[in-house]
Amino acid sequence: MLGSFAATVSHDERVTDTGISHAIVLYLGYGSRPSPHPDPDALSALAAPDTAHLARRAEDLIADLHNAYPYTWNEQLELSEIATLLTSELAHRYPDLASEAINALVWMWTFEAWH
């Protein structure tokens, strides 16, 4: 966890790193852009001492996601079924991410897989 950010406990009692979670949402443009696009400059909206570190951490998580779940990962399922499965998988793989950050990563992955 990043020491400069508060952690919260979600309803399912897992500790969430709100700093990196919010950074992923901003970095990918989840909820603010029509399609995902990594944008390190979007992190300037955060009141964080080291947004470059958050950008690198977001990039590392995205690289890990692509390595762990390549687009050929589960070709026998429909994309919507993969999104549901991937959401569950990522919640277990990255327990410190808030659900909105997980949704942003799934949004990016499914968009890229579809295109």
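Alanine 68 sits in helix α2. In this predicted model, alanine 68 has a relative accessible area of 27%, so it counts as partly exposed, falling between the 20% and 50% cut-offs. Alanine 68 also pairs up in space with a residue well along the chain: arginine 93 is 25 residues away in sequence, yet the two C-alpha atoms are 9.9 Å apart.

Stepping back to the overall layout, the protein has four helices and two strands. Read from the N terminus, the order is β-β-α-α-α-α, with both strands ahead of the helices. Of the 115 residues, 37% are buried. As for how the chain folds back on itself, take the contacts with a separation of 6 or more: 58% of these join residues 24 or more positions apart.

Next comes the stretch around strand β2 and helix α1. Strand β2 covers residues 15–17, and aspartate 17 is part of it. Is aspartate 17 buried or exposed? Its relative accessibility is 1%, so aspartate 17 counts as buried, the cut-off being under 20%. The side chain of aspartate 17 has a polar partner in the backbone nitrogen of glycine 19, which it reaches at 3.0 Å.

A little further on, serine 21 belongs to helix α1. Serine 21 is buried too, because its relative accessibility is 4%. Leaving aside residues up to four places away in sequence, serine 21 touches Thr16, Asp96, Leu97, Ala98 and Ala101. Histidine 22, also in helix α1, is partly exposed, with a relative accessible area of 40%. The C-alpha atoms of histidine 22 and leucine 43 are 9.0 Å apart, although 21 residues separate the two in sequence.

What holds the inside of the model together in terms of contacts is easiest to follow through the largest nonpolar core, which has 29 residues. Which of these touch the most other members? They are Ile24, Leu28, Leu65, Leu90, Leu97 and Leu105. Two or more core residues come from each of α1 (18–28), α2 (51–68), α3 (79–93) and α4 (99–114). Helix α4 gives the largest share, eight residues. Leucine 105 shows how the pieces meet: not counting residues up to four places away in sequence, it touches Ile24, Leu28, Ile62, Leu65, Leu90 and Leu97.

Helix α4 also turns up in each of the helix pairs described here, starting with α1. Two packed helices are described by the angle between their axes and the distance between those axes. For α1 and α4, the angle is about 30° and the axes are 8 Å apart. The crossing of α1 past α4 is left-handed. On the α1 side, the residues involved are Ser21, Ile24, Val25 and Leu28, and they meet Glu100, Ala101, Ala104, Leu105, Trp107 and Met108 in α4. Serine 21, buried as noted above, is thus listed again here, as is its partner Ala101.

With α2, the geometry is as follows: its axis and that of α4 come within 11 Å and cross at roughly 50°. That angle makes α2 oblique to α4. Here α2 passes α4 in a right-handed crossing. Ile62, Leu65 and His66 of α2 make the contact with Leu105, Met108, Trp109 and Glu112 of α4.

Helix α3 packs against α4 at an angle of about 145°, and the two axes are 10 Å apart. The crossing of α3 past α4 is right-handed. From α3, the contact involves Leu79, Ile82, Ala83, Leu86, Thr87, Leu90 and Ala91. From α4, it involves Ile102, Asn103, Leu105, Val106, Trp109, Thr110, Ala113 and Trp114.

One more residue of helix α3 is worth a look: threonine 84. Is threonine 84 buried or exposed? With a relative accessible area of 58%, threonine 84 is exposed, since the cut-off is over 50%. Threonine 84 and valine 106 are 22 residues apart in sequence, with their C-alpha atoms 8.7 Å apart in space. Valine 106 itself is among the α4 residues in the contact with α3.

Conventions. Residues are numbered from 1 along each chain as its sequence is written. This is a predicted model: local features need pLDDT of at least 70, side-chain atom pairs count only at pLDDT 80 or more; totals for chains, interfaces and linings use all residues. Side-chain values use heavy atoms; hydrogens and water are left out. Buried means under 20% relative accessible area, exposed over 50%, partly exposed in between (1.4 Å probe, protein chains only). A polar contact is a pair of N or O atoms within 3.5 Å; within protein, one must be able to donate a hydrogen and the other to accept it, and residues adjacent in sequence count only if both atoms are side-chain atoms. A nonpolar core is a set of buried Ala, Val, Leu, Ile, Met, Phe, Trp, Tyr and Cys residues joined through side-chain atoms within 4.5 Å. Contact means heavy atoms within 4.5 Å. Axes are lines fitted to C-alpha atoms, for helices over the stretch in contact, and angles run from 0 to 180 degrees between N-to-C directions. Angles under 35 degrees count as roughly parallel, over 145 as roughly antiparallel, 65 to 115 as roughly perpendicular and the rest as oblique. A crossing is left-handed if the near helix is turned anticlockwise from the far one by less than a right angle, and right-handed if clockwise.
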